[in-house]
Amino acid sequence: MEEHAQDKTAVWEKAEAYFIKLGEKPKFQLRIKVWLFKMNFDKNMKDLLFQQTTMLNAFGKIRENPKLKKLFGAILRFGNCLNAGNKSRGQADGYDLGDLKSTMTLKDAAGRSILMILCQYLYEDDNEFIKFKEDFKDVYDSVKLSTEDL
């Protein structure tokens with residue numbers, strides 16, 4: 001439209017002429033952007049605060065959940081038993097977080113994963129362990145959020 005506005009011989013309808021005049025105002029586009037920012041600020045802020053709250057709640061659940069600590073402890077004990085060596089072969093204690101996915105892929109003769117076996121063991125020890133997934137609703141919600149906006 002800017003190229004056509006330069007053509008002084010062109011005849012414009014009222015609507016087009018109005019927008020051409022508006023475009024001639026100094027820093028008009030900047031003014032429009034500021035207005036849009038101001039109009040959308042409360043909604044955007046509310047969305048960001050919701051995302052931030054959801055993410056912080058998820059971090060809190062991960063950090064402080066006793067069932068998750070029990071599960072990680074059981075994985076550590078199980079892994080240490082599998083990897084225990086002796087002085088000549090060496091000993092591997094602990095695990096990297098990236099190794100957690102192997103708890104779902106390693107299976108026993110019956111086809112149950114290590115994670116399944118450990119969860120069953122923890123459930124037998126404490127029947128409340130069945131509600132493990134319910135404790136992490138905020139974590140599941142936070143996975144859906146875009147971290148670019150935060």
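These entries record what I looked up in a predicted model.

**Entry 1: Lys 27**

I began with the loop between α2 (14-24) and α3 (28-64), where I found Lys 27. I looked up its backbone angle and noted that phi of Lys 27 is near 55 degrees. I marked this as a positive value in a residue other than glycine. I then asked whether Lys 27 is buried or exposed. Its relative accessible area is 64%, and the cut-off for exposed is over 50%, so I entered Lys 27 as exposed.

**Entry 2: Lys 67**

I next turned to a lysine in a helix, Lys 67, which lies in α4. Is Lys 67 buried or exposed? The relative accessibility of Lys 67 is 13%. Buried means under 20%, and therefore I recorded Lys 67 as buried.

I then looked up what surrounds this residue. Apart from its neighbours within four places in sequence, Lys 67 is in contact with Glu 128, Phe 129, Lys 131, Phe 132 and Asp 135. I examined Glu 128 further and found that its backbone oxygen is reached by the side chain of Lys 67 at 3.1 Å.

**Entry 3: helices α4 and α6**

I stayed with α4, which comprises residues 66-83, and compared its direction with that of α6, residues 114-125. The two axes come within 10 Å, and I noted a crossing angle of roughly 120 degrees. An angle of 65 to 115 degrees would count as roughly perpendicular, and one over 145 as roughly antiparallel; α4 and α6 are therefore oblique to each other. I also recorded that the crossing of α4 past α6 is right-handed.

Which residues of the two helices meet? On the α4 side I listed Lys 70, Leu 71, Ala 74, Ile 75, Arg 77 and Phe 78. On the α6 side I listed Ile 114, Leu 115, Leu 118, Cys 119, Tyr 121, Leu 122 and Asp 125. Sorted by class, this contact has 10 nonpolar residues, 3 charged residues and no polar ones.

**Entry 4: Asp 138**

I closed with Asp 138, which I located in helix α7, residues 137-143. Its relative accessibility is 22%. This value falls between the limits of 20% and 50%, so I entered Asp 138 as partly exposed.

Which residues does Asp 138 touch beyond its neighbours within four places in sequence? I found contacts with Thr 54, Asn 57, Ala 58 and Lys 61. I also checked Leu 56, which is 82 residues away from Asp 138 along the chain. The C-alpha atoms of Asp 138 and Leu 56 are separated by 8.9 Å.

Notes: Residues are numbered from 1 along each chain as its sequence is written. This is a predicted model: local features need pLDDT of at least 70, side-chain atom pairs count only at pLDDT 80 or more; totals for chains, interfaces and linings use all residues. Side-chain values use heavy atoms; hydrogens and water are left out. Helices (H or I, at least four residues) and strands (E, at least two) are DSSP runs, numbered from the N terminus. Buried means under 20% relative accessible area, exposed over 50%, partly exposed in between (1.4 Å probe, protein chains only). Contact means heavy atoms within 4.5 Å. Axes are lines fitted to C-alpha atoms, for helices over the stretch in contact, and angles run from 0 to 180 degrees between N-to-C directions. Angles under 35 degrees count as roughly parallel, over 145 as roughly antiparallel, 65 to 115 as roughly perpendicular and the rest as oblique. A crossing is left-handed if the near helix is turned anticlockwise from the far one by less than a right angle, and right-handed if clockwise. Ala, Val, Leu, Ile, Met, Phe, Trp, Tyr, Cys and Pro count as nonpolar, Asp, Glu, Lys and Arg as charged, and the others, Gly among them, as polar. A polar contact is a pair of N or O atoms within 3.5 Å; within protein, one must be able to donate a hydrogen and the other to accept it, and residues adjacent in sequence count only if both atoms are side-chain atoms.
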